[in-house]
Amino acid sequence: MKKQTIWILTILMAMAFVGLLCIQIFYVKNIVEIRYEQFAQGVRQSLVAVAMRLDQDETRHYLEDDIRNVETSSFAQQYMGDPVERHGGIKYSFTTKTGLEADLTIKGNPQQISKLQRSDTGGLSAHYRSAQDAYRNRYLYQKGVLDDVILNIMTKASSRPITERADSARVRRYLRQELDTLGLKVPFEFAVANYAGTILYKSPDYRASLSDRDNMFIQTLFPNDLSGPRNYLKVYFPTKRDYIFSSISFMVPAFAFSLILLIIFVYTIVVAFRQKKLTEMKNDFINNMTHEFKTPISSISLAAQMLNDQSVRKSPTMLQQISNVINDETKRLRFQVEKVLQMSMFDRQKATLKLDEVDANAAIFNIVNTFKLKVEKYGGSIAANLDAMDAIVTVDEMHFTNVIFNLLDNAVKYRSEERPLKLVVASRDLHDERLEITVADNGIGIRRDDLKKVFDKFYRVSTGNRHDVKGFGLGLAYVKKIVSEFGGEISVESEFNTGTKFIIILPLSKN
């Protein structure tokens with residue numbers, strides 16, 4: 001897949017995710033606003049109901065007060081009379097001039113009452129008229145009582161203390177009942193304040209401040225009072241925000257799934273770019289491998305053709321020279337093949353090693369002597385400062401030799417053209433029963449951006465189009481893996497255009 005295609009897919013998927021998140025956020029925002037409005041509407045409705053119930057309590061108070069006064073007055077006794085017994089008699093119904101319907105039952109034997117009705121004395125009619133007058137007078141009195149109650153409420157109610165008209169326990173009970181009726185089972189605190197904002201009384205945990213205005217609801221108490229100061233009921237909901245957001249908790253899984261999809265999307269894009277980069281590295285590896293194999297094969301082929309020449313076969317000097325070329329190019333080809341075979345180690349969890357106790361100083365000394373010819377070929381020098389007193393390590397000698405050879409070979413490849421090559425291989429003891437081996441050179445060095453990647457598989461530091469530094473990008477990756485298999489560590493220090501130093505630390509053999 002082309003890099004441009006990956007970027008296009010990335011942008012499209014990113015836009016899709018951003019659109020999805022925006023829709024979810026917009027949807028949640030609307031739900032929260034609706035929940036806030038529903039909550040506020042329910043609270044306001046509850047406060048109005050509480051105010052109406054307090055008004056009804058006020059009316060009931062004055063009605064009961066007037067009834068008590070009526071019961072003690074002689075006027076009430078005159079018109080109240082004894083209750084009518086309904087053991088017998090005739091029932092009469094009539095309506096007053098004001099439209100009040102009333103019933104009258106005449107007690108007695110129905111036969112005697114019928115005789116009275118047929119007599120000419122008019123006794124029953126007189127009794128009926130007397131009863132009508134009594135009911136009319138009673139109605140007028142009760143109307144006067146109600147008018148008196150209304151007048152008292154209008155003139156005297158506002159002068160009563162607010163603590164009597166709306167005591168704390170009753171207000172709390174009414175609030176709780178009305179809120180529960182509307183399904184708002186949420187804790188609240190309240191206070192009653194006057195027109196100046198002074199708190200007259202409040203619930204024990206009322207702590208509302210100016211910053212809590214969004215959670216505060218206010219209702220006028222006894223709004224129909226004609227005189228006297230206004231009082232207000234303030235209700236505060238400390239857990240209002242939690243209550244609102246708990247009602248939309250069903251949206252949490254949606255956001256969680258969106259987050260999971262986003263993580264998977266990012267991971268997929270990262271993997272795609274890594275695979276793209278790995279593909280490019282492998283292509284570069286194949287190109288370099290082809291080039292590295294072509295050169296020794298061409299040299300060997302040319303030498304074979306020269307051997308067919310009669311004049312060459314007759315000259316021992318030429319035969320020796322051709323033999324050396326074939327030998328050198330065969331070694332070079334074998335070395336390149338070994339490097340390619342090293343790649344198979346990276347596909348296994350653990351390399352197959354033949355561990356043994358090896359004297360690192362002795363092994364390094366032999367490697368330096370063998371490599372000295374190659375260094376001197378380029379006009380350089382190599383030194384071995386083997387200062388370690390105890391250099392016995394448990395390693396695979398062949399792979400250990402390959403590790404040192406790879407580091408020295410890199411030093412030769414990345415030498416500086418401005419100064420003679422100088423290599424130093426050293427060893428020294430560490431205090432924690434470990435051995436430190438360093439391979440330092442004065443080559444072109446490594447840029448800081450490349451230092452963290454030099455041990456990556458197939459990674460090669462860019463050095464231009466120089467033939468003598470072409471490779472597979474496997475050498476240092478192989479070195480790091482082998483050192484790790486030995487239970488050691490490897491690090492690199494470098495300064496561009498100054499030189500590079502590789503540091504290997506291996507545990508000493510326990511024996």
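I started at the front of the chain and found L12 in helix α1, which covers residues 3–71. I kept in mind that this is a predicted model.

Next I looked at the surface around L12. L12 belongs to a nonpolar surface patch of about 610 Å². Its other members are W7, I8, L9, I11 and M15.

Then I turned to helix α12, residues 397–413, and its packing against helix α11, residues 360–377. How far apart are their axes? I read 10 Å, with a packing angle of about 35°. I noted that α11 passes α12 in a right-handed crossing. On the α11 side I listed A360, A363, I364, I367, T370, F371, K374 and V375 as contact residues. From α12, the contact uses F400, T401, I404, F405, L408, D409 and V412. Sorting this contact by class, I got 11 nonpolar, 2 polar and 2 charged residues.

My last stop was α12 with helix α14, residues 475–485. Their axes come within 10 Å and cross at roughly 145°. Which hand does this crossing have? I wrote down left-handed for α12 passing α14. Here α12 offers H399, N402, V403, N406, L407 and N410, while α14 brings G475, L476, Y478, V479, I482 and V483. By class I have 7 nonpolar and 5 polar residues in this contact, and no charged ones.

Key
Residues are numbered from 1 along each chain as its sequence is written. This is a predicted model: local features need pLDDT of at least 70, side-chain atom pairs count only at pLDDT 80 or more; totals for chains, interfaces and linings use all residues. Side-chain values use heavy atoms; hydrogens and water are left out. Axes are lines fitted to C-alpha atoms, for helices over the stretch in contact, and angles run from 0 to 180 degrees between N-to-C directions. Helices (H or I, at least four residues) and strands (E, at least two) are DSSP runs, numbered from the N terminus. A crossing is left-handed if the near helix is turned anticlockwise from the far one by less than a right angle, and right-handed if clockwise. Contact means heavy atoms within 4.5 Å. Ala, Val, Leu, Ile, Met, Phe, Trp, Tyr, Cys and Pro count as nonpolar, Asp, Glu, Lys and Arg as charged, and the others, Gly among them, as polar. Patches are made of residues with over 30% relative accessible area and no salt bridge: like charges are joined within 9 Å, nonpolar side chains (Val, Leu, Ile, Met, Phe, Trp, Tyr) within 5 Å. Accessible areas come from the Shrake-Rupley method with a 1.4 Å probe; for residues, only the protein chains shown count as cover. A salt bridge is a side-chain nitrogen of Lys or Arg within 4 Å of a carboxyl oxygen of Asp or Glu.
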